[in-house]
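Subject: A structure for you to look at

Hello,

I am handing over the structure below, and after it I have written down what was found. Please keep it open while you read, so that you can look up each residue as it comes.

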Amino acid sequence: MGGSQGDRDSAEPADPDLLPPPLKQFKAAPPLVPEIALSLDDKFLYASCWGTGELKQYDVSDPFHPRETGSVRIGGMASRTPHPKAGKVNGAPQMLEISRDGRRIYVTNSLYSALDDQFYPEGIRGWIAKVDVNPAGGIALDPNFFIPFEGERPHQIHLEGGDCSSDSYCYP
């Protein structure tokens, strides 16, 4: 989605000592986008950046002119951006689950164990966080919603009554 965003969507320079072995030589943390999700009303597109710890929101109501309207950070390979309730965390937004009303996004931090171990060699300490969505555009990390896991790596969330994906068509 680069466009006018320029370097904001590319790898972020980082101290090699903070990077996992496969990335040290590059001196940068790549976004590594494992998931994109579209809100049920087709207004917002979300991209999780597992490498940098960013969740991006784009207004795609005009698909020929997408524009970035929000961003939050939590975790990340080099930055380890803290969560207000938990402090520094590892891993980063990976799987996204958008509520049917489009007001909440739940994110988990584990991709797959082989990749988790390669890019977060100290081990993934699993967690789930919630992001609040402003219907006019913009997102904010919920400072009070953080679920840590001990020994487990949460991957995907299924909301009761479905989510904004094809699950929704299974429920009235």
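Which residue in β6 does Tyr58 stand opposite? The residue that stands opposite Tyr58 is Glu68. Before going further, please bear in mind that this is a predicted model.

Tyr58 is part of β5, a strand of residues 54-59 that is mostly covered, with six of its six residues buried. Both faces of β5 are covered, since Glu54, Lys56 and Tyr58 are buried on one side, while Leu55, Gln57 and Asp59 are buried on the other. On the way to Glu68, you will find that β5 pairs with β6 (residues 67-73) in the antiparallel sense, over six bridges. The strand β5 also pairs with β4, again in the antiparallel sense and over six bridges, and here Leu55 in β5 is the bridge partner of Ser48. The hairpin of β4 and β5 has four residues between the strands, and in this hairpin Gly53 takes a positive phi near 85 degrees. As background, the strands of a sheet pair through backbone hydrogen bonds, and they do so either parallel or antiparallel.

Leu55 also leads to the nonpolar cores. In the largest nonpolar core, which has 18 residues, Tyr46, Leu55 and Ile105 are the ones that touch the most other members. Two or more residues of this core come from each of β4 (44-49), β7 (96-98), β8 (104-108), β9 (127-133) and β10 (139-148), and β9 gives the most, with four residues. If you select Tyr46 and leave out residues up to four places away in sequence, you will find that Tyr46 touches, among others, Leu55, Leu96, Ile98, Ile105, Val133 and Ile139. Apart from this core lies another one, made of twelve residues, including Ala14, Leu19, Ala29 and Phe119.

Ile105, in turn, leads to a sheet. Four strands form this open sheet in the order β7-β8-β9-β10, and their pairing is antiparallel. The edge strands are β7 and β10, each of which pairs on one side only, and neighbouring strands of the sheet are turned by 20 degrees against each other on average, if direction is ignored. Within the sheet, β8 and β9 pair in the antiparallel sense over five bridges, and Ile105 stands opposite Val131 in β9.

Best wishes

How values were computed: Residues are numbered from 1 along each chain as its sequence is written. This is a predicted model: local features need pLDDT of at least 70, side-chain atom pairs count only at pLDDT 80 or more; totals for chains, interfaces and linings use all residues. Side-chain values use heavy atoms; hydrogens and water are left out. A nonpolar core is a set of buried Ala, Val, Leu, Ile, Met, Phe, Trp, Tyr and Cys residues joined through side-chain atoms within 4.5 Å. Buried means under 20% relative accessible area, exposed over 50%, partly exposed in between (1.4 Å probe, protein chains only). Contact means heavy atoms within 4.5 Å. Two strands pair if DSSP finds at least two bridges between them. Axes are lines fitted to C-alpha atoms, for helices over the stretch in contact, and angles run from 0 to 180 degrees between N-to-C directions.
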